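Open your viewer, show the side chains as sticks and keep the selection box handy. We will go from stop to stop, following charged side chains.

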Amino acid sequence: MTLAPRVEVYTQIACRSLHDSPMSSPITVPSTSVHLPPSLHTRNVVHVQLPEIPVNTFDECTGDPKVQARAARIQASVKTTESILSALTTGWLSHLSDILGRKRILALVMFGALFMDMVYILVSDTSSVFGRHAEAFIIVAPLVEGLLGAQSTYNGITHAYATDCTADGSRAKIFATMQGMLNIGMASGPWLNGLILHLFVGTNTISLFVLAIVIALTNLVFVIFILPESLPLSRRLPRPQSTYDYQSQQQHKRVAHRITSTARSVALQFLRPATLFVPQKLEGRKGRDWNLTLTGAALFIYVLSDQVYNLKYLYVKHVYDWTTEQLGYYMSFLWIIRAANLLIILPAILTYFSSKRKRATQNASPAHLASAIRFDRRIAAISLFTDASANALVAIAPTSSQPLFVFLTSLNSLTSGGNPALQSLAAVSLLAMGKGNEVGLVFGALGLANAVSHIIAPGIYAAIYGATVATYPKAMFVMSAFLLYVAVSLLGGVRPYIHLPPAEPEAAEVAAAAQPAPPSEGETTEEEDGPGGRAWSWAQSEAPEHDDVRRASIRLSLSED
């Protein structure tokens, strides 16, 4: 709900930087209010009450191209700083949740968002030192939020939390529902802003930030004191050992050596999530498991292609000359369709097809894991292929038909199941690799790919649109469709590989005494084990016939429906 107010703050900072007077009057002291006519109010524009500023002066300031350029530069600096820092910290913080628990890291990330809104209030008050140096001080907000992970870490932790609370296997349905709830929240923000501005006289931008802080603070209190921890101590990873040997301090007294060792350890922790994308060697057979590599690449390309929506709004204003009100209706329509798809349509489809598959258990069998990999791969591939086809149809459809454009772009919202399906595919692929206790790490790695994509995507599409807007403005849709088709082809390489750890002699003796008649070749067990072997204890219970199970699993992983 603070997206539009933030734009107003950027504009005010640019006005104060370029026009010393009267733009330096503080926003928070209402002496003379500017009330715009009702006909000028739209759903997605936040109107600010400015003291001691005539309407024509304010319009001249905001309409000044230099002010707009300065505001755009401030916004770009904030977003770029946040994206780069979150790309560095997302993977590490998500992996840290595997060690410390989900709640602590989730609360930390939410505090970063709370701090950012507080900074916007401080820089809006020109009577303070923060407001007088607003352009420099506002960078503190993305510095703190970026270091605390920002939105990418929040998404990773919430997905890891849901994974802890659900059975092994495909989680595309629950992930789709979570993303749908997020879209409802994002769509409700502008409507809530407009409602508050119309109902309460004297409301300004500061009031909207205060309301956002109250909501965020309530959410933070709920997470700290009410929300239960999803990751019990028995399933957490052990704390990493320090790389510094305190017994040999006499040999390493040099400060430079200690700094280098600490820096190396920190760098390894930050880079560890990226190592999940390195293909893993298969147990008992030639080749490598490329599932996480291909899934991560597909997600990276999908997010890269999805950023075309930022320029889609510029496209309709340029080609169809839509007003701000028309654009607001169009944006709301797309958000409604996306939310309806994620909350109603896609879960209903997944429920129908999931009913034909075997129900998931807490400790899934190899057959169920292989089926879940194939299921998530198909859902992701179908969603991405439909999304790509919709962009391709936009590129070849006649420009003169506005209803056709709206219909085709609405198909993109109906294919929003690609992201949750890819998230679920990555989780079940990690489980199939025998690393079910590193769920936070895999979502951190996906968050890293997401953050990097958000960093480079605006420059790519801005360059394409700027070079082709005069001749063929639909070129950006062609680029998006091409990227999505590439992502679909990458998903074609995902295979239901199931990794089997080496059999332990002690477990083999116990299993041999408990099971005098081992299963024949080609059969798989579906027995559940205790909490100590959450994902892979089934392999140890079949240790006397481990080779037979391995061969059966290999045949299973190579089979395709």
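Select aspartate 164 to begin: with 8% relative accessibility, this residue counts as buried (under 20% relative accessible area, with over 50% called exposed and the range in between partly exposed, using a 1.4 Å probe and protein chains only). You are looking at a predicted model, in which local features need pLDDT of at least 70 and side-chain atom pairs count only at pLDDT 80 or more, while totals for chains, interfaces and linings use all residues. Residues are numbered from 1 along each chain as its sequence is written, and side-chain values use heavy atoms, leaving out hydrogens and water.

Now add arginine 102. Its side chain meets that of aspartate 164 in a salt bridge, 2.7 Å from N to O; the term means a side-chain nitrogen of Lys or Arg within 4 Å of a carboxyl oxygen of Asp or Glu. Arginine 102 is buried too, at 1% relative accessibility.

Next, select arginine 235, which forms a salt bridge with aspartate 164, the closest N and O atoms being 3.6 Å apart. Arginine 235 sits in the loop between α10 (205-225) and α11 (255-271), 71 residues from aspartate 164 in helix α8. Helices here are DSSP runs (H or I, at least four residues), numbered from the N terminus.

Which residues join Arg102, Asp164 and Arg235 in a network of salt bridges? Add Asp98 to complete the linked group.

For the last stop, pick arginine 70 and glutamate 135, whose side chains form a salt bridge at 3.0 Å, N to O. This pair links helix α3 (residues 65-100) with helix α6 (residues 134-137).

Conventions. Helices (H or I, at least four residues) and strands (E, at least two) are DSSP runs, numbered from the N terminus.
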